[in-house]
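Me: I am new to this structure. Please take a close look at one turn, then lead me on to some other parts.

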Amino acid sequence: MPDRTAHTPAPPADRPDRLRNVALVGAGGAGKTTLAEALAHTAGVLTRPGTVPDGTTTADWEDIEHQQQRSVQLALLPLPWRDLKVNLIDAPGYADFAGELQAALRAAEAALFVHSAADPEVPRPVRALWQQCEDARLPRAIVLTHLNTARVRLDDVLRMLQDTLGTPDTVRPLHHADLRDGHLHGSTDLLTGRTYGAPGDTPDLAAERARLVEALAGEDDALMARYLDGEPLDTAALTAGLRRELLAGTLHPVLATAPDGTGCDALLDLLADAFPSPADRTDALPAPDPDAPLTAQVVHTGEDPYLGRLSLLKVFTGTLRPDTAAHLPDGTEERLTALHSPLGHQLRPVPQAVAGDLATVTKLTAARTGDTLTADHTVLPPWPLPEALLPTAVRAHSKADEDRLSQALGKLTAQDPALRVEQNPDTHQLVLWCTGEAHLAVTLDRLTTRHGVHIDTVDYRVALRETFAAPADGHGRHVKQSGGHGQYAVCDLTVEPLPGGGFEFVDRVVGGAVPRHFVPSVEKGVRAQLAQGLHGHPMTDVRVTLTDGKAHSVDSSDAAFQTAAALALKEAADHTAVAVLEPVDEVRVLLPDEYQGAVLTDLSARRGHVLGTEVGGPGLSLVRAEVPELELTRYPLDLRSLSHGTGQFTRSYLRHAPMPAHLAARHADG
């Protein structure tokens, strides 16, 4: 790939108020990465912007991102603008990578919601994200892209945004955009009259400007008095009003941009003039004091074939300098060596990172994404993560791959906290739990391309059990005489179902038919056979009673009675039916009301038993059901389709229950 960077050093920031940390968020395909490229070009960081179809963007540098044509991880582009450093954080828009999105919001003090003007509505997941930012009091602005789409009318798009995300008073354009012939030619600032790009003749903007000025002056009595008295309002006063309203969440500016960079200088000016710095944070996280003890959090972990682990840190307090020692909450010491400011995949050395800034540190050994690095005992809370609920069973392709697989998965889970790796003790399968198919594809690709490990996917199995369907008796006789010491043990067992009771062993031998010191041997033999099962699955929910037996004074032994107990259990199974039990999970589904009917029908088709529904929030329903785990293997994908990406669910093991006979027959041999 040709080098398009301008080879400028990373922009410095010596004070928190000189920083702007802004997350680009929105639906997949809305144009976030393209906008980031245009902004970087406008700021002079890139000699020319790259494109997503060509795979030349700075933010998307992994091959898997080029193949999938979407971002799969957050990327940082520090931009110099005026006398500030703007840390632009490009966050993935696809649901599978919501963990990266939440990490971007943790690192930012404001969000730019990127909306494609070609989309007739704001997608439901984006509306939910808007509400999350509203609840967190995170300042927001809206950037329109794809204005070159035929028949786009800015007035209609603005009205839809006002109806969906706020009101005409809160969602307002700051500029009059000149959109002609499907192209954005430029814009005119309604407050200052400054023009951006090459706008043509503009209509009289006095009325539109007056409405905006009234909105900005409404919360400032002195400013409103000046306005009502007809005094001219200077740019500084209007900018201060804009900043106050944006930080208070009572104004969400709307701006328009184009891939050629038109509108990007206006957007960067807005970030510089009105967006919050780290010093403006009002949440519960530490205030950015550069002189305080160091507190930083790992917001992203990457991998470089030469430098090893790359940890992107958000510095909350203190000043991070090379060769600084910090500790994890468990007391592990990490040495923070050279500091870098990343530009996509490129690393540029920096001398320090003050409170509020972001920097990359190489070669941390223990710190994982989400961990706090601190000079005192501060522990920062984690950000919300999507639960990995899509299982895929894998195995190493070869012995050489098997030797490297464990270490590679350890590195991937340190990088991606949304990935969960399980070695299932019942099925003996290695299971990757991902958030969706795209997340799985990225995980498998990184195993191969980054770590040289090839794996095969295999059919995922649920942990089935067996139990006795009715009481039965069994006789076990283990007698062998073969020269020298023989083996002799006889025992009689009664086995009966014990629904939900696990395993219970009862000794009812009288008269010493089985010597007391061999009774534990019988129980041990029973437990071993139950764990092995009779048809390939462990057995549970049974009560086994030792009723009688025989022993020999010389030839009886612990091993002989274990064997006799197993034989008795097998004989008892021959006298009655053995039922197959399947795991049943308690499922809780949170989704918009309009999709409740489709989800309830789908749960019934999955042999689910709906326990009830209740209000889950404004316009939301919470559905509770019991569903066999066998029916949930692909449920994350199906629920996303049924609810148009808005449904969320959790699951927890409840119990094992009898499986229908026609299904049990398919699993009779494990």
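Reply: Two strands pair if DSSP finds at least two bridges between them. Strands (E, at least two residues) and helices (H or I, at least four) are DSSP runs, numbered from the N terminus. The model is predicted, so local features need pLDDT of at least 70 and side-chain atom pairs pLDDT 80 or more, while totals for chains, interfaces and linings use all residues. Residues are numbered from 1 along each chain as its sequence is written, and side-chain values use heavy atoms, without hydrogens or water.

Start at the turn. β7 and β8 make a hairpin, with two residues between them. D181 sits in that turn and has a positive phi of about 55 degrees. The strands cover residues 175-180 (β7) and 183-189 (β8). They pair in the antiparallel sense, over six bridges. One pair can be named: H175 has D189 in β8 as its bridge partner.

A positive phi turns up again at H644. This residue comes just after helix α15, and its phi is about 55 degrees. The helix itself spans residues 635-642. Its buried residues (under 20% relative accessible area) are Y635, P636, L637 and L639. These pack against β21 (390-396), β30 (578-592) and β33 (648-658), among the strands, and against the helices α11 (437-449) and α14 (596-605).

Follow α11 next. T443, R446 and L447 in α11 meet a set of residues in α10. On the α10 side, the set is L405, A408, L409, L412 and Q415. Contact here means heavy atoms within 4.5 Å.

Now turn to two buried residues in strands. R140 lies in β5, residues 140-145. R140 counts as buried because its relative accessibility is 2%. Its side chain has a polar contact of 2.9 Å with the side chain of E134. A polar contact is an N or O pair within 3.5 Å; within protein, one atom must be able to donate a hydrogen and the other to accept it, and residues adjacent in sequence count only if both atoms are side-chain atoms. A polar atom of the R140 side chain also lies 2.7 Å from the backbone oxygen of L138. Beyond four places in sequence, R140 touches A111, F113, W130, C133, E134, L246, L251, H252 and P253.

A326 is found in β14, residues 324-327. At 0% relative accessibility, A326 is therefore buried. Its contacts more than four places away in sequence are L294, T332, E333, E334, L336, L373 and T374. Take L294: this residue is 32 residues from A326 along the chain, yet their C-alpha atoms are 7.7 Å apart.

Notes: Buried < 20%, exposed > 50% of the residue type's maximum accessible area, 1.4 Å probe, protein only.
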